[in-house]
Amino acid sequence: MAAGNSTGGGEVLHTDTNGKSANNNSLVVSFGEFLIDFVPTVGGVSLAEAPAFKKAAGGAPANVAVCVSRLGGTSAFIGKVGDDEFGHMLANILKENNVDNSGMRFDHSARTALAFVTLRADGEREFLFFRHPSADMRLHESELHIDLIKQAKIFHFGSISLIAEPCKSAQLAAMDIAKKSGSILSYDPNLRLPLWPSAEAARKGIMSIWDQADLIKVSEDEITFLTEGGDPYDDNVVMKNLFHPNLKLLIVTEGQQTFKGRVPGIKVKPVDTTGAGDAFVGGLLSSLASDLNLFQDEKRLREALAFANACGALTVTERGAIPALPTKQAVLDALTKHHAS
């Protein structure tokens with residue numbers, strides 16, 4: 001089975017038939033980093049060349065939470081920011097987007113993380129991070145909003161919180177609570193190599209929780225990295241190295257090509273790819289949260305993936321992740337237009 005990516009590429013999909021959750025609600029809880037992205041006001045320049053920067057809320061898990069909410073779903077975010085202007089701004093952005101922020105914590109001694117994100121001429125990103133340490137890295141297990149985690153139908157997370165303590169232990173504890181409460185565990189590794197001590201540490205850290213996830217979204221670049229040079233287009237490489245018996249869904253996002261048998265993406269002119277993958281994940285999780293039986297129905301799962309593709313496609317047509325996340329109506333309109341063309 002297969003699917004397509006937000007900028008006209010594809011995803012390869014592997015699935016099993018045991019999608020079930022003990023929770024009857026549709027709450028998606030995202031865990032991890034929330035920060036300020038500084039994006040050049042013009043595209044195609046290096047950081048040094050940028051005439052000015054526009055600030056925007058960033059951080060993959062928070063992007064996913066806002067995306068789910070904007071699509072009409074129910075979501076919450078758990079993470080830590082600085083007790084500073086930026087941290088309180090981020091908390092307010094969640095509130096304005098109807099995301100439950102009761103799981104957010106504020107650190108009095110560490111600042112909210114900053115990331116300068118350059119948009120190269122081809123629309124791809126380069127990063128420069130300021131987190132030495134930042135508040136998100138200092139979330140303690142004792143600060144977890146346990147009741148909120150227990151309510152999650154889907155608990156979504158990445159790998160950045162695994163880089164340092166105490167947030168590593170906090171994430172592992174949160175995953176354990178969610179799993180025991182019947183949540184589906186959703187994992188987007190979101191490789192950011194400059195944040196890890198070494199490539200080997202990144203590979204080991206990302207794979208350390210691989211077998212605990214029910215749903216994983218991984219990019220072709222991440223497959224090559226995690227398999228130490230494996231061909232991301234070879235299904236045997238993917239299945240042998242990255243599929244595990246408890247995995248309900250493995251989605252591989254593939255670059256700019258469209259392959260036979262994949263659910264096609266919508267062709268768009270990318271302005272800013274920031275948040276496209278998060279919008280894809282948010283779109284998919286919003287569909288799954290309302291009906292986990294999608295795991296068992298290939299036709300409806302393909303429809304959900306086409307919807308997720310459209311979410312990602314619309315997001316890249318504007319600058320910044322959260323401001324560009326689409327409404328459900330905008331996605332449906334884009335799909336209607338796509339099918340009519």
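Glu303 is partly exposed, with 43% of its relative area accessible. That value comes from a predicted model, so keep that in mind as you read on. Glu303 also has a charged partner: its side chain meets that of Lys299 in a salt bridge. Across the whole structure there are 13 salt bridges, and here's a quick tour of some of them.

**The Lys299–Glu303 pair**
- In this salt bridge, N and O sit 2.9 Å apart.
- Where do Lys299 and Glu303 lie relative to each other in helix α9? They are 4 residues apart in that helix, which spans residues 298–315, so about one helical turn separates them.
- Is Lys299 buried or exposed? Lys299 counts as exposed, because its relative accessibility is 59% and the cut-off for exposed is over 50%.
- Glu303, at 43%, falls in the partly exposed group.

**Arg300 and its partners**
- Arg300 forms a salt bridge with Asp291, and the closest N and O atoms there are 2.0 Å apart.
- Arg300 also forms a salt bridge with Asp297, where the closest N and O atoms are 3.6 Å apart.
- How accessible is Arg300? Its relative accessibility is 31%, so Arg300 counts as partly exposed.
- Asp297 has a relative accessibility of 27%, so this residue counts as partly exposed too.

**A linked group**
- Which residues are linked in a network of salt bridges? Lys80, Asp107, Arg138 and Glu143 are joined up this way.

Notes: Residues numbered from 1 in each chain as written. Predicted model: local features only at pLDDT ≥ 70, side-chain atom pairs only at ≥ 80, totals over all residues. Heavy atoms only, no water. Salt bridge = Lys/Arg side-chain N within 4 Å of Asp/Glu carboxyl O. Buried < 20%, exposed > 50% of the residue type's maximum accessible area, 1.4 Å probe, protein only. Helix = DSSP H or I, 4+ residues; strand = E, 2+ residues; numbered from the N terminus.
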